[in-house]
Amino acid sequence: MLFNSIDYVIFLPIVVFLFFSLPHQYRRYFLLAASYFFYMCWRPEYVLLIIYATTIDYFCGIEIEKTQSKRRKKAFLALSIVTNLGLLFYFKYFSFLNESTRDVFQFFDWAYNMPVLHILLPVGISFHTFQSLSYTIDVYRGKAEAEKNYVTLALFVAFFPQLVAGPIERGPHLIPQFLEEKQFSYTRMTNGLRLMMWGFFKKVVVADRAAVFVNLVYNDPNSYSGFQIIIATIFFAFQIYCDFSGYSDIAVGSARIMGYNMMYNFRRPYFATTIKEFWARWHISLSTWFRDYLYIPLGGNRVSQPRRYFNLFITFLVSGIWHGANWTFVIWGALHGFYLVFANFLKDIGLTIRLGSSKVVNLLNYFLQLGITFCLVCFGWLFFRANNVSDAFTLIKRSLSASKSQLGPYLFGAELMEDLLVLLFFIALLETIQLLQEKVLSFNRWIPTLPTVLKWSVYIAGILLILIYGKFEKTQFIYFTF
């Protein structure tokens, strides 16, 4: 069930109404049933994978907590890790590894008899796998108590707003909220609906409109060149941001209506002036997951300089692999790993460039850093979006033939001129609003303070803007495939 569908517009109010109509002791059971139904709308049998992994983690968590033997604790932790990562590997990476191995064997003209398997990827498997894993690891580390109620743990893993694309929550943050009795709050409801409206604007007005141009170029790289590729890549930067952060806003808003607070996943990442800051603002729940469960266990910053660089690079390489079974994602992760290692190296040797200290120079320096960071991120997005490595290098090569004559409203043809101008307008509007949020005020705090007439005028204008300019072809969210 897609958020940007009439099904969800009907589903959410029914769930909210029944949730607050039921006594507190039955709400977890109802939410779990609603969450499983939500997931089963894609492919019913794959809910069994979630139930299987949840059951293993439930018993592992209890056994880890009650046993005094460190060896036994590690054994149950290993069982949880193998179960979760085993499912993830089989459904997401087995075919990729099989095909890559086949290519290597063919290159050396060796026989390879493993058949091609067409395995359908369960939607959102990377997200609920990592969420479930974090629970057992936290219990093993003593940072969380084992959950004795199976339904509560199952709801933590399968809670429908964030089930298929995050945010990737942690047990100590979300599980206690399921135990609290929630009261209906008009203020909380309007707060959640405003956040959802902002998410729908990002998704159907900006992301899905940008997708028209991105798909045109990236699905036929040999037919485009120069500024067409450069602008399509910039549009993809906004497409993936608005698509994914839009999903996160709708997810957080949906949960908030019922009284559950989930973490924000994005904090205006394109205002970052360094790659490190970009990752502190982009997909925060995943970047902090890799920090806590991979980078720090590898040694983090508490090791020698070369080992620290290695830890950083490996963390981002694994992050790239997490995103998808394609060499393009491996290159994307490695590229960001290189960015951060290189930035750390420059910092370690004390190499900094100072242009001066006046306000004007500082402002110019800020925009220079902003521009460089955005360009580096966009170069990475080119690999992320390309259908394969060959297409990625074709796009890079053909983008070098840019010329001024290519610029203009007919860049992608006369039939798309109106869509192009509308998209540029809404990207400008998006960035203006986010600049105000970054530097001046939070709209979610400011709008409720307006007089009633003005407040409802904003709401109605926002809804009309989405209905008039939104694209409602039920396009899937990009991160559903991860």
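This is a chat about a predicted model of one protein chain, going through its confidence, some helices and a few single residues.

Student: So how confident is the predictor in this chain, on average?

Tutor: The model is predicted, and the chain's mean pLDDT is 89. Of the residues, 94% score at least 70.

Student: Which helix has the lowest confidence, and which the highest?

Tutor: Lowest is helix α17, residues 443–446, with a mean of 71. Highest is helix α6, residues 150–158, at 96. Where pLDDT is low, the predicted coordinates should not be read in detail.

Student: OK, let's talk helices. What span should α8 have, and what does it have?

Tutor: Helix α8 covers residues 186–218, which makes 33 residues. At 1.5 Å a residue they should span 48 Å, and the end C-alpha atoms are 45 Å apart, so the two values agree.

Student: Where does α8 bend?

Tutor: At A207, by about 30°.

Student: And how many of the residues of α8 are buried?

Tutor: 25 of the 33, so α8 is largely enclosed by the rest of the structure.

Student: Switching to α13. How many residues does that one have?

Tutor: Helix α13 has 22, running from 327 to 348. From its first C-alpha to its last it reaches 31 Å, close to the expected 32 Å.

Student: What's going on at the start of α13?

Tutor: A side-chain oxygen of N326 comes to within 3.1 Å of the backbone nitrogen of T328 there. T328 is also among the buried residues of α13.

Student: Which other residues of α13 are buried?

Tutor: Quite a list, including F329, V330, W332, H336, Y339 and L340.

Student: What covers them?

Tutor: The cover includes four other helices: α10 (275–281), α12 (305–323), α14 (359–385) and α15 (389–399).

Student: Pick one of those buried residues. What does L340 touch?

Tutor: Leaving out residues up to four places away in sequence, L340 touches I275, K276, W279, L312 and F316. The relative accessible area of L340 is 6%, so it counts as buried.

Student: And how far is L340 from P167?

Tutor: They are 24 Å apart in space, C-alpha to C-alpha, and 173 residues apart in sequence.

Student: What follows α13?

Tutor: G350, with a positive phi near 75°.

Student: Which residues other than glycine have a positive phi?

Tutor: Two to look at are R268, with phi near 50°, and H283, at about 40°. Most residues other than glycine have a negative phi.

Student: Where are R268 and H283?

Tutor: R268 sits in the loop between α9 and α10, while H283 is in the loop between α10 and α11. H283 is buried, because its relative accessible area is 0%.

Student: New topic: how many disulfides are there?

Tutor: Zero. Take C242: it is in no disulfide, and the nearest cysteine sulfur, that of C378, is 13 Å away.

Student: Is C242 buried or exposed? What about C41?

Tutor: C242 is buried, with a relative accessible area of 0%. C41 is partly exposed, at 38%.

Student: Now S245. Which helix is that in?

Tutor: S245 is in helix α9, residues 227–257. Its relative accessibility is 1%, so S245 counts as buried.

Student: What is S245 in contact with?

Tutor: Setting aside neighbours within four places in sequence, S245 is in contact with K202, I240 and F266.

Student: Tell me about K202. How far is it from S245?

Tutor: Their C-alpha atoms are separated by 7.7 Å, though the two are 43 residues apart along the chain. The side chains of S245 and K202 make a polar contact at 3.2 Å.

Student: And which backbone oxygen lies 2.6 Å from a polar atom of the S245 side chain?

Tutor: That of Y241.

Student: One more. What does T394 touch?

Tutor: T394 touches P221 and N222, not counting residues up to four places away in sequence. T394 lies in helix α15.

Student: Why does T394 count as buried?

Tutor: Because its relative accessibility is 19%, and buried means under 20%.

Student: And L121, where is that?

Tutor: L121 is in the loop between α4 (70–107) and α5 (125–141). At 28% relative accessibility, L121 counts as partly exposed.

Conventions: Residues numbered from 1 in each chain as written. Predicted model: local features only at pLDDT ≥ 70, side-chain atom pairs only at ≥ 80, totals over all residues. Heavy atoms only, no water. Helix = DSSP H or I, 4+ residues; strand = E, 2+ residues; numbered from the N terminus. Expected span 1.5 Å × (residues − 1). Buried < 20%, exposed > 50% of the residue type's maximum accessible area, 1.4 Å probe, protein only. Contact = heavy atoms within 4.5 Å. Polar contact = N/O pair within 3.5 Å; in protein donor to acceptor, adjacent residues only side chain to side chain. pLDDT = per-residue confidence, 0-100. Bend = angle between axes of the 7 residues up to and from the residue. Disulfide = S-S within 2.5 Å.
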